There are 2 protein chains.
Amino acid sequence: MRFARYKNGISSTFGIVSGELLEDIHGTPFGAYEKTGMTHHLDAVELLVPFKPRTFYAAGINYTEHIKEIAAQQGRDPNFPEKPDIGYRANNALIAHGQPIVKPKDATDHLQYEGELVVVIGKQAKNVSFDEALECVLGYTIGNDVSERTWQASDRTFWRAKNSDTFKPMGPWIETQVDLDLMRTTVRLNGAMVSEFSTNSMIFGIETYISTMTKYLTLYPGDMIWMGTDGATQNMKIGDVCEIEIEGIGVLRNPIVEEE
Amino acid sequence: MRFARYKNGISSTFGIVSGELLEDIHGTPFGAYEKTGMTHHLDAVELLVPFKPRTFYAAGINYTEHIKEIAAQQGRDPNFPEKPDIGYRANNALIAHGQPIVKPKDATDHLQYEGELVVVIGKQAKNVSFDEALECVLGYTIGNDVSERTWQASDRTFWRAKNSDTFKPMGPWIETQVDLDLMRTTVRLNGAMVSEFSTNSMIFGIETYISTMTKYLTLYPGDMIWMGTDGATQNMKIGDVCEIEIEGIGVLRNPIVEEE
């Protein structure tokens, strides 16, 4: 099932996506809900960030080729993670499918995409085993972990490099039924494919992250984990359109614009 | 004015602290509110984390003596920050005044306190100047940035070292009127003073952080910034009680207990 959140007058509401239609619901995908009977064409609504995240977790480095790529860009040897240390991103940076990524005035040309699978937590979880880990997952969406590489190399934390306003496009919706092992992530810049990888070929998989994290922390409904990216990353310039597609979920599309 | 949040039956509500009394309000300190006429003795209520934070920012290293102390503990030279790079902590770890800090089963003896001033954002802010920076601040509370030093040295991010469940005591309330330059932070372990410093003697002050951060990101009501700690830190063992006092705000007191 696909849950989207959309603008409904001055407020927002959730709906279930069925083909080209959006069936409005009363309630949220994280609890009880019922269809209201109201239906929209998807083209006729403005999609929002698919949910308001509670804690924004991010694996960061979690695919082999990406680690080599960034190390080469920074002129150093690659550091492969020895254990699944989870990191953080910030909600201020989130934008929805279709909204513009604003390139800050003083950003360099090295503003790059990172196509990522986003895991949406649906149930409270502490001390879950590897085998039980996916039971707390409600579904999946797509994230673009936009990164300014010069700042990424110079900032002690990644606050500006990865969390400037609009640097975290996410959407278009939450998909609850996926086949992780069959999925591929494709990134297109102005329609041309620039990166493509097996979505689930992570160094540490979703079950490993969730079981390790919940040994020390409680996951709550509305938390999310961005799982990292693989492959080549290229610069995005003003006027470009970046698309991330993950088979079985959909396409996240955002233009890059200049800061006013 | 002092705003506290407390348990009111099965829900929570805000109140205004006046001496030993808590005057219940309808609304929140972040918007319109009015007194309901209901009053409690402070001793008769259970205080909660004083608000539900939106984004949890943390300066991390922001006082000279603390940076030297941690470097010495880790057997390396101190690294002083060259610019105000803001970091993140996670909401899962928050607990209220009075609630127990649970030492994880596999934590080492190096579980330490860090007494910190917490800045509570009250107004949306982007591109604010140094001089205007404090206008978006609603008030201040106290945080204990509990840290497991062995994990802090080994984890790529500080997720486990600083964000294990219960590692972020915060409270007891939000104080809106303070004199930053006169305030001193005192830490007591089982009643004995173990650390004491001038609260505002930061490497990068609140105005510098807010004006720098908002060049790239929007601060929202309910965001908060933990400003870092100074001075010596010592181990806390099971059975200890840790108190952080900041003059003009109050005392944050939490016992340390064993994981069951």
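This report walks through a predicted model with chains A and B, from the contact between the chains to the strands inside them.

## Where the two chains meet

Let's begin with the contact between the chains. On each side the count is 22: 22 residues of chain A are in contact with 22 residues of chain B. If you want to find chain A's side on screen, look for strand E6 (87-88) and helix H3 (159-163) of chain A, the elements that give two or more residues to it. H3(A) gives the most, with three residues.

What is the chemical make-up of the side of chain A that touches chain B? Eight of its residues are nonpolar, eight are polar and six are charged.

## Two domains in chain A

The domain assignment of chain A gives domain 1, covering 1-48, and domain 2, covering 49-258. Taken over C-alpha atoms, the centres of domain 1 and domain 2 of chain A are separated by 24 Å. Ten residues from domain 1 of chain A and 17 residues from domain 2 of chain A take part in the contact between them.

On the domain 1 side of that contact, strand E1 (residues 2-8) of chain A gives the most, with four residues. The class split of this side of domain 1 of chain A is eight nonpolar residues, no polar residues and two charged residues.

## The nonpolar core

Next comes the interior. In soluble globular proteins, nonpolar side chains tend to be buried together. Here the largest nonpolar core has 131 residues, and the members that touch the most other members are A:Val119, A:Val120, B:Val119 and B:Val120.

A:Val119 makes a handy starting point for a look around. Which residues is A:Val119 in contact with, leaving aside its neighbours within four places in sequence? They are A:Val137, A:Tyr140, A:Ile206, A:Met224, A:Ile225 and A:Met227.

## A five-strand sheet in chain A

Chain A has an open sheet of five strands with mixed pairing, and the order is E8-E18-E17-E14-E15. Strand E8 (101-103) and strand E15 (192-198) of chain A are at the edges; each has a single partner strand, so one side of each is left without a neighbour in the sheet. Neighbouring strands of this sheet are turned by 20° against each other on average, direction ignored.

At the E8 edge, E8(A) runs parallel to strand E18 (residues 250-258) of chain A, and three bridges join them. To locate this pairing, start at A:Val102, whose bridge partner in E18(A) is A:Val257.

## The five-strand sheet in chain B

In chain B there is an open sheet of five strands in the order E8-E18-E17-E14-E15, with mixed pairing. Why is one side of strand E8 (101-103) and of strand E15 (192-198) of chain B left without a neighbour in the sheet? Both stand at the edges, each with a single partner strand. The twist from one strand to the next averages 20°.

E8(B) and E18(B) pair in the parallel sense over three bridges, and B:Lys103 has B:Glu258 as its bridge partner in E18(B). Strand E17 (residues 241-246) of chain B pairs with strand E18 (residues 250-258) of chain B in the antiparallel sense, over six bridges. Along this pairing, B:Glu245 has B:Val251 as its bridge partner, and B:Ile244 stands opposite B:Leu252. The hairpin of E17(B) and E18(B) has three residues between the strands, and B:Gly248 takes a positive phi near 90° there.

## Strand E13 of chain B and its partners

Is strand E13 (residues 168-175) of chain B mostly covered or mostly open? Mostly covered: eight of its eight residues are buried.

Several strands pair with E13(B). Strand E1 (residues 2-8) of chain B runs antiparallel to E13(B), joined by two bridges, with B:Glu175 as the bridge partner of B:Arg2. Strand E7 (residues 94-96) of chain B runs parallel to E13(B), joined by three bridges, and here B:Leu94 has B:Lys168 as its bridge partner. Strand E11 (residues 137-144) of chain B runs antiparallel to E13(B), with three bridges between them. In that pairing, the bridge partner of B:Ile142 is B:Gly171.

Key: Residues are numbered from 1 along each chain as its sequence is written. Chains are lettered from A and ligands numbered from 1 in the order in which they are written. This is a predicted model: local features need pLDDT of at least 70, side-chain atom pairs count only at pLDDT 80 or more; totals for chains, interfaces and linings use all residues. Two residues are in contact if their C-beta atoms, placed from the backbone, lie within 7 Å. Ala, Val, Leu, Ile, Met, Phe, Trp, Tyr, Cys and Pro count as nonpolar, Asp, Glu, Lys and Arg as charged, and the others, Gly among them, as polar. Domain bounds come from an automatic or database domain assignment. A nonpolar core is a set of buried Ala, Val, Leu, Ile, Met, Phe, Trp, Tyr and Cys residues joined through C-beta atoms within 7 Å. A residue is buried if 20 or more other C-beta atoms lie within 10 Å of its own, exposed if 12 or fewer, and partly exposed in between; C-beta atoms are placed from the backbone. Two strands pair if DSSP finds at least two bridges between them. Axes are lines fitted to C-alpha atoms, for helices over the stretch in contact, and angles run from 0 to 180 degrees between N-to-C directions.
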